[in-house]
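Student: I would like to go through this model with you and ask, label by label, what each one rests on.

Tutor: Good, let us set each value against its cut-off before we accept the word.

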Amino acid sequence: MSCRVFMKEYNIESRNRFDVVKITHLVEEAVKESKIANGLVLVFTPHATAAIAINEYEPRISDDYISWIKRVIPPGAGWKHDEIDDNAHAHIASLVIGQSKVLPLSGGRLVRGTWQEVLLLEFDGPRRRTLVIQVYGL
Ligand code: ZN
């Protein structure tokens with residue numbers, strides 16, 4: 001039997017300049033629609049100023065993620081790219097955290113821990129973001 005590939009795209013509206021958006025339910029919906037039971041799930045966002053992460057989703061820890069990002073990569077800290085469009089911090093945060101994640105798929109279920117949610121991190125919102133989910137397997 002050969003490997004199958006299923007792909008689905010979603011639009012996500014971020015609400016603020018910095019935002020943490022839970023997307024686990026969309027990943028699980030795509031997995032269900034794929035009818036693929038065992039393999040890998042790629043979660044990707046085709047943007048240079050957003051990122052995909054896996055971690056707990058709860059309002060206070062979400063604020064902490066944003067506080068940490070702002071502390072490590074402060075907006076407006078004299079970045080050269082800010083002369084062009086004022087979002088260098090967002091590019092660097094996206095570069096560091098990454099624009100995709102891969103999760104295991106086993107027995108029709110996304111394999112993840114109790115406190116592991118799939119998150120889209122926004123660094124230059126609010127704006128519409130595209131989410132691409134590809135499921136590979138049998
Ligand atoms: Zn830019």
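Tutor: This is a predicted model, and we can begin where helix α4 ends, since α4 is followed by Gly98, whose phi is positive, near 105°.

Student: Which residues of α4 are buried, and what do they pack against?

Tutor: The buried residues of α4 are Ala88, His89, Ala90, Ala93 and Ser94, and the buried residues of this helix pack against β4 (50-55), α2 (59-72) and α3 (82-85).

Student: Why is Ser94 called buried?

Tutor: The relative accessible area of Ser94 is 0%, and buried means under 20%, so Ser94 meets the definition. Ser94 has its place in helix α4, which spans residues 88-97, and, leaving aside its neighbours within four places in sequence, it is in contact with His47, Ala48, Thr49, Ala50, Ala51, Gln99 and Phe123.

Student: How far apart are Ser94 and Ile52 in sequence and in space?

Tutor: Ser94 and Ile52 are 42 residues apart in sequence, while their C-alpha atoms are 8.5 Å apart in space.

Student: How many aromatic pairs does a search of the whole structure find, and what makes the rings of Phe18 and Phe123 an edge-to-face pair?

Tutor: The search finds 1 aromatic pair. The ring centres of Phe18 and Phe123 are 6.5 Å apart and their planes stand at 70°; centres within 6.5 Å make a pair and planes over 60 degrees apart count as edge-to-face, so the name follows from both values. Phe18 lies in the loop between β1 (4-13) and β2 (19-22), and Phe123 in the loop between β7 (117-122) and β8 (128-137), so the pair ties together parts that are 105 residues apart in sequence.

Student: Are Phe18 and Phe123 buried or exposed?

Tutor: Phe18 has a relative accessible area of 10% and Phe123 one of 1%; with the limit for buried at under 20%, both therefore count as buried. In addition, Lys70 lies over the face of Phe18, at 4.8 Å from the ring centre.

Student: Which atoms coordinate the zinc ion?

Tutor: The zinc ion is coordinated by His81 (NE2), Asp85 (OD), Asp85 (OD), Asn87 (OD1) and His91 (NE2), at 2.0 to 2.6 Å, and its donors follow the spacing H-x3-D-x1-N-x3-H along the chain. His81 lies in the loop between α2 and α3 and His91 in helix α4, so the pair ties together parts that are 10 residues apart in sequence.

Student: Why are His81 and His91 called partly exposed?

Tutor: The relative accessible area is 27% for His81 and 27% for His91; since partly exposed covers the range between buried, under 20%, and exposed, over 50%, both histidines are partly exposed.

Note on methods: Residues numbered from 1 in each chain as written. Predicted model: local features only at pLDDT ≥ 70, side-chain atom pairs only at ≥ 80, totals over all residues. Heavy atoms only, no water. Helix = DSSP H or I, 4+ residues; strand = E, 2+ residues; numbered from the N terminus. Buried < 20%, exposed > 50% of the residue type's maximum accessible area, 1.4 Å probe, protein only. Contact = heavy atoms within 4.5 Å. Phe/Tyr/Trp six-rings, centres within 6.5 Å; stacked < 30°, edge-to-face > 60°. Lys NZ or Arg CZ within 6 Å of the ring centre and 35° of its normal. Donors = N, O, S within 2.8 Å, 3.2 Å for Na, K, Ca; no water.
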